[in-house]
Amino acid sequence: MRQWCFAMLCLAASTWSFGADYYDGSILTIPMVNALGHTYLNASVTVTSVTPPGGGTPQGRFDNYTGGNQLFIPSVYYAGQLYTNVAITWGKLVYCCDAEATPAAFLIVANPNDQTIAAYPYTQGTQVASTIRDPALLNADLSHQPKLLLDKTNNLLFDVVRLASGGLTVTPFSFNVTTGALAAAGPPANFPNASQANLNTYTHQLLVLSKSGPTAALYYYNLANGTISASPSASQSSAQLAEVIALDKQDGQAFDITSTGVAAYPYSSTGVNFTTATAVTSANLLAYAGGSNNVDARIDMTNHVLLTTANASNGTSTEVMAIPYSAASVGPAAVSFNLSGTAYACGYDPTNRFYFVSDNNSPILNVYSYTGTGAMSQAKTIDMSNNGLGGALNGVGGCNDVDPVNHMVFFTNNNPATIFYFLYKPDGTVSTLPAGQIILTQGQQQYSILSTLSASQQ
């Protein structure tokens, strides 16, 4: 009877929604549910009756439970079909729940295709997204995505835009990490010769790298409105400077690509000391020799590990490593993994020590476990398109960020431009059924995605 109810419901189903349940004819799987003012992750129930749904646009971000055995479902998949605005009576509580979601969680997206920055609440049931325009995005380089830098303590957000004409424009915005409200702040700062910018929220400075020199310059920013100083407080040039791939802001180290691998240099509010490297990596990192145009590094300051993906020396694969470091040494990496073709890191979980790497423009997600000594193992390899949703994830663009607090991985779909978020378990298993999704303005430009709970913002 329950199977017949779901199968025979006729309605105009919305193709894309904020989130969806999954009914297999017996068990209703619920990724997220708002219950009496709290949001919980992962639940499942049996179904005893179904009220004919209203159809149309989902009336909510995820399920809502107000008491008794009644549950309102904005959208639910059954047999590959999406149904919207369904009310049910549930029978048996099969499972509840993995955790209670952290309420103040926002996904910030800088999208050059409509020149906006938006903050989407993804664990709140009713809160609307805040949006603001950044004119610099109109001139963004097609081949480089913007970079979002967040100072959560001072409620500031910086949008770093690589310009098609060369150089960077960095625009500060006011961003309330509790409410998600975006607002205009200080004026944009232009760096015509710059190629990269990083934020140090401890010293309240922007580290700007320029290829001329090459030069690393530090600029203070105003804590009230984010205004960036017109002149650098410190500036160092070094012929050996290639790319600062990561900053340990707590212990004062800047990690750079060198001709022999990765090096760490003393770093403080007075600048980067390129004359003294604390250590140069050992021979097992020679895949980096001569630098690379594809290095993605995430620094786990909690466990003192530099997590990297980079083009291997053979030029046809990507190398993945966990490099331990201290104030006196860097490396060696205990092991490296090679992925065929190009791959990109999207985030890490410093508590469970997982590093997430996705194949380029592919639904394949690689999950690695690591230790503070650099030991690394392949925890999971997951094809995120194996979800039974009738091709909803065709054209996946890969993994973009990780929320280690709510155990979520964010993926993008290229056509239509959509962000999906998936829950993962403490053993690294990632559900292939999305807990929610956000629709973006389509276009050729690359957009940037940042969770306010991302470990990269520590």
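User: Two strands pair if DSSP finds at least two bridges between them. In this predicted model, which residue in strand 31 stands opposite isoleucine 364?

Analyst: Strand 30 covers residues 364-370, and isoleucine 364 lies in that range. Strand 30 and strand 31 pair in the antiparallel sense over seven bridges. In strand 31, the residue opposite isoleucine 364 is aspartate 383.

User: Which strands are the edge strands of the open sheet with the order 28-29-30-31?

Analyst: This sheet has four strands, and its pairing is antiparallel. Neighbouring strands are turned by 25° against each other on average, direction ignored. An edge strand pairs on one side only, and the two that do so here are strand 28 and strand 31.

User: How many strands and helices are there in the chain?

Analyst: The chain has 458 residues, of which 56% count as buried. Its accessible surface comes to about 17500 Å², and carbon and sulfur atoms account for 52% of that area. As for secondary structure, the chain contains 36 strands and one helix.

User: Where along the chain is the pLDDT below 50, and where does it stay under 50?

Analyst: The average pLDDT of the chain is 87, and 90% of the residues score at least 70. One stretch with pLDDT below 50 has 46 contacts in the model beyond near neighbours in sequence, and another has 20 contacts beyond four places in sequence. Where pLDDT is low, the predicted coordinates should not be read in detail. The two stretches are residues 1-17 and residues 286-292.

User: Why is strand 24 described as largely enclosed by the rest of the structure?

Analyst: A residue counts as buried when its relative accessible area is under 20%. On one side of strand 24, Val295, Ala297 and Ile299 are buried, and on the other side Asp296, Arg298 and Asp300 are buried, so that both faces are covered. Strand 24 is therefore largely enclosed, since the number of its six residues that are buried is six.

User: Which residue in the turn between strand 24 and strand 25 has a positive phi?

Analyst: Strand 24 and strand 25 run antiparallel and are joined by six bridges. In one of these pairings, aspartate 296 has threonine 309 as its bridge partner. The two strands form a hairpin with four residues between them, and the turn residue with a positive phi, of about 55°, is histidine 304.

User: Which residues of strand 27 point to one face and are buried?

Analyst: In a regular strand the side chains alternate between the two faces of the sheet. Strand 27 shows this alternation: Ser336, Asn338 and Ser340 point to one face and are not buried. Strand 26 is joined to strand 27 by five antiparallel bridges, with glutamate 319 opposite asparagine 338. The buried residues, which point to the other face, are Phe337 and Leu339.

User: Is glycine 341 buried, partly exposed or exposed?

Analyst: Glycine 341 is found in the loop between strand 27 and strand 28. Outside its neighbours within four places in sequence, glycine 341 is in contact with Thr316, Ser317 and Thr318. Buried means under 20% relative accessible area and exposed means over 50%. The value for glycine 341 is 32%, which is why this residue counts as partly exposed.

User: Which strand gives the most residues to the largest nonpolar core?

Analyst: This core has 22 residues, and Leu107, Tyr122, Met408, Ile419, Tyr421 and Leu440 touch the most other members. Strands 7, 8, 33 and 34 each supply at least two residues. With three residues, the strand that gives the most is strand 34.

User: Which residue in strand 9 stands opposite threonine 116?

Analyst: Strand 9 is an edge strand of an open, antiparallel sheet of four strands in the order 9-8-7-36. Strand 8, residues 116-121, pairs with strand 9 in the antiparallel sense over four bridges. Opposite threonine 116, strand 9 places arginine 133.

Note on methods:
Residues numbered from 1 in each chain as written. Predicted model: local features only at pLDDT ≥ 70, side-chain atom pairs only at ≥ 80, totals over all residues. Heavy atoms only, no water. pLDDT = per-residue confidence, 0-100. Contact = heavy atoms within 4.5 Å. Core = buried A, V, L, I, M, F, W, Y, C linked by side-chain atoms within 4.5 Å. Buried < 20%, exposed > 50% of the residue type's maximum accessible area, 1.4 Å probe, protein only. Areas by Shrake-Rupley, 256 points an atom, 1.4 Å probe, with all protein chains shown as cover. Axes fitted to C-alpha atoms, helices over the stretch in contact; angles between N-to-C directions.
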